[in-house]
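Morning, everyone. I'll walk you through one protein chain, from its overall layout down to single residues. Please look at the screen.

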Amino acid sequence: MEWALLLLVTFLAATVQSATGFGFGLIAVSAFLIMLDSVAAIQIVIIITLVMSCVHWPNLKGLAPAHLLKWLSIGCTLGFPIGVLAYNQLDLEAIKMAVAVLIILISLQNGWHLLNKQKTGLTTEDPGQRPGAIMGVGVASGLMASAMAMPGPAVMLYLSRTSLSKNEIRATILTFFVFSYAGALMLQTAFIGIETQTWVTAGVLTPSALIGVAAGHLLSTKINQQLFKGLVLLILLLTGLFMIFNL
């Protein structure tokens, strides 16, 4: 029964990520931590997401703005060691609570911003004008990548307030995922260690994730720009609430 649930969650989370550009870590980490009752769940998500991102990346790689990726990657590199320290030294429950509260607050703020934009017709700020802010987002993402297998929330919350198109956002975060999850996996392997059973579990769940990637890619063609941003905020908000209720 546990394996059936793991496979189902993996498929659904992968479908969401493929359709919106993110969400696998948010959904899978929360569910896997509950079902497996082990921090190995984080390492499993890192492995699976890296495989999914590498498979899906060639379809969208040309759409990602290079300047945005540059500053995100620099910040992410700075955040990696902080995340490894947090994973190895800090209380996991405290990290989960902090992440959940942050996701909820920023999601609500971004939702208000989106509604206000619809009413006033104001345009969003070009992300390329604030490299310092983008690098800060990268630092937060790198920390969350190596500590919680969740580099997506900080980046997606930032991108959802820009004027980038749906596919540009998906391409940016997917390319960033290849970098961030590869770095997180190398750091976890070098400084924490990954048990054989963790690799086996990730290997068993990966085919279900790849099927979800295909399903989500088909679904993404039916989602318009406005619905896309609304779904992103809804997923973030529900995930934050789910994490709090399951602490």
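Let's start with a ruler for helices: the expected span of a helix is 1.5 Å times one less than its number of residues. Helices here are DSSP runs of H or I with at least four residues, strands are runs of E with at least two, and both are numbered from the N terminus.

A word on where this comes from. This is a predicted model: local features need pLDDT of at least 70, side-chain atom pairs count only at pLDDT 80 or more, and totals for chains, interfaces and linings use all residues. Residues are numbered from 1 along each chain as its sequence is written, and side-chain values use heavy atoms, with hydrogens and water left out.

Now the overall picture. The chain has 10 helices and 0 strands. It has 247 residues, and 51% of them are buried. Buried means under 20% relative accessible area, exposed means over 50%, and partly exposed lies in between, with a 1.4 Å probe and protein chains only. Contacts are heavy atoms within 4.5 Å. Take the contacts with a separation of 6 or more: 84% of them join residues 24 or more positions apart.

Try the ruler on H1. This helix has 19 residues, and its first and last C-alpha atoms are 27 Å apart, close to the 27 Å expected. Its buried residues include Leu6, Val9, Ala13 and Gln17. Just after H1 comes Gly21, with a positive phi of about 105°.

Next, H6, residues 131–148. What does the ruler say about its 18 residues? They should span 26 Å, and the end C-alpha atoms are 25 Å apart, so the two agree. Ala149 follows H6, and its phi is positive too, near 60°.

Stay in H6 and find Ser141. Is Ser141 buried or exposed? Buried, because its relative accessible area is 0%. Beyond its neighbours within four places in sequence, Ser141 contacts Pro151, Ala154, Val155 and Phe176. Ala154 is 13 residues away in sequence, yet the two C-alpha atoms are 5.8 Å apart.

On to the inside. A nonpolar core is a set of buried Ala, Val, Leu, Ile, Met, Phe, Trp, Tyr and Cys residues joined through side-chain atoms within 4.5 Å. The largest one here has 67 residues, and Phe22 and Ile48 are among those that touch the most other members. Helix H8, residues 166–192, gives the most to this core: 10 residues. Look at Phe22. Leaving out neighbours within four places, its contacts include Val16, Met156, Phe177 and Leu236.

Ile48 leads us to H9. Thr206 sits in that helix, and it touches Ile48 and Val51, not counting residues up to four places away. Thr206 counts as buried because its relative accessible area is 12%.

Val204 is also found in H9. At 40% relative accessibility, Val204 is partly exposed.

Which residues join Val204 in a nonpolar patch on the surface? Trp3, Leu7 and Val200, and the four together have about 310 Å² of accessible area. Such a patch takes nonpolar side chains (Val, Leu, Ile, Met, Phe, Trp, Tyr) within 5 Å, from residues with over 30% relative accessible area and no salt bridge. A salt bridge is a Lys or Arg side-chain nitrogen within 4 Å of an Asp or Glu carboxyl oxygen. Areas come from the Shrake-Rupley method with a 1.4 Å probe; for residues, only the protein chains shown count as cover. H1 and H9 each give two or more residues to this patch.

Definitions and conventions:
Patches are made of residues with over 30% relative accessible area and no salt bridge: like charges are joined within 9 Å, nonpolar side chains (Val, Leu, Ile, Met, Phe, Trp, Tyr) within 5 Å.
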